Amino acid sequence: VMLLRLRPAVLAGSAALLGVAGPLASFALRSTVITDYRIGITPSFDDFTSAHGLLEAARGLLLTGPYPVLTWLPFLLAGMAIGRLDLHATATRVRLAASGAVLAAASYAASLLLMGPLGGYRRIIAHLPDVTTPEQVDLAARSTAGLVPTTDPGFLLTTAGHSGAPLEIWATSGLAMLIIGVALIVADRVGVLLLPLSSIGALALTSYAGHIVVIYLLGLDGMIQLLTLYLYLPLLVLIGVTMLVTTVWRQLLGRGPLEWVLHKAGTAVGDLARS
């Protein structure tokens, strides 16, 4: 509720600060206090039937699970800041895209410098006998889904995707700003052509949940078999069906089902904040 009262500049500043503080705090906690955890564990229904289970679920959601809140909260704050801008104004869109490009370029350049010439890769490789190349370092960082590996502090300097390192959070936020700004500018000129893409964006949560249901129904073995036999064809079919379903739903019914639930919940919280 308190976040709803903050100005865009405060939200953006908080996102930038937490983009550094969150990964550092996560690294420190998982290196010293919370060491008995497994990466990628998500809460189950059984966890909510006991005090110990609730503690484990909370720890997973906040710190040790995939995409933990402590690491990924900056994206939420950045999104809230962008959403409060006057995105109908061309000048705002241009500034958003330009700022995002500068932020992303600076973050990637800083990481390249720190990991390359200044010895980040060499340090990690020297401390990890099973890792011998920069590519393996990046792969190790990507495999943690938002948890910076605690085997060496050098991992905090990477921009490997989904690593949850500070520069990766800044770089990804910058890319998102750039894409949003450019997409809004382009949409004014070819909006009809982008209708399927904008429909997925309008029903993003429903689309995401729908993909999870499809993967669950197929099973991991089924997905692997399909991808092995047909390479990217299953992915293209899934994208095409999603575009078709979301476009038809949006044109006929408007807001998606899960988006409707979030809208109602968000409106209730907003009313509470203003009261």
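This passage walks through a predicted model, from its overall build down to a few individual residues.

The overall picture is a simple one to read. The protein has 11 helices and zero strands, and going along the sequence the pattern is just α-α-α-α-α-α-α-α-α-α-α. Its radius of gyration comes out at 21 Å, close to the 19 Å that the globule rule gives for 275 residues, so the protein is as compact as a globular protein of that length. Laid along its principal axes, the C-alpha trace spans about 60 × 45 × 45 Å.

What about contacts and surface? Taking contacts with a separation of 6 or more, 68% are between residues 24 or more positions apart. Of the 275 residues, 29% count as buried. The exposed area of the protein is about 16600 Å², and carbon and sulfur atoms supply 73% of that. As for charge, there are 16 positive and 14 negative side chains, with the centres of the two sets 13 Å apart.

Next come the aromatic rings. How many aromatic pairs does the count come to? The answer is two. One is made by Y67 and W72, which meet edge-to-face, with 5.4 Å from centre to centre and 65° between the planes. W72 also pairs with F75: here the ring centres are 4.8 Å apart and the planes sit at 25°, so this pair is stacked, the cut-off for stacking being under 30 degrees. W72 and F75 both belong to helix 3 (residues 69–83), where they are three residues apart, or separated by about one helical turn. Put together, Y67, W72 and F75 form one aromatic cluster.

The members of that cluster can also be described by how much of each is accessible. W72 has a relative accessible area of 16%, so it is buried, given that the limit is under 20%. Y67, in turn, is partly exposed at 40%, and F75 is partly exposed as well, with a relative accessible area of 22%.

Another buried residue worth a look is S107, which lies in helix 4 (residues 90–115). Its relative accessibility is 3%, and it therefore counts as buried under the 20% limit. Which residues does S107 touch, leaving aside those up to four places away in sequence? They are T159, L167, W170 and A171. Of these, L167, W170 and A171 carry numbers that fall within helix 7 (166–190).

Finally, two loop residues have backbone angles to check in the model. H162 is not a glycine, yet its phi is positive, near 65°. H162 is found in the loop between helix 6 (134–142) and helix 7 (166–190), and with a relative accessible area of 41% it is partly exposed. L231 also has a positive phi, of about 55°, although it is not a glycine either. L231 sits in the loop between helix 9 (204–230) and helix 10 (233–253). Is L231 buried or exposed? Its relative accessibility is 59%, so L231 counts as exposed, the threshold being over 50%.

Terms used. Residues numbered from 1 in each chain as written. Predicted model: local features only at pLDDT ≥ 70, side-chain atom pairs only at ≥ 80, totals over all residues. Heavy atoms only, no water. Helix = DSSP H or I, 4+ residues; strand = E, 2+ residues; numbered from the N terminus. Buried < 20%, exposed > 50% of the residue type's maximum accessible area, 1.4 Å probe, protein only. Phe/Tyr/Trp six-rings, centres within 6.5 Å; stacked < 30°, edge-to-face > 60°. Rg over C-alpha atoms; globule rule 2.2 N^0.38 Å. Contact = heavy atoms within 4.5 Å. Areas by Shrake-Rupley, 256 points an atom, 1.4 Å probe, with all protein chains shown as cover. Lys, Arg positive; Asp, Glu negative; His and termini not counted. Charge placed at Lys NZ, Arg CZ, Asp CG, Glu CD.
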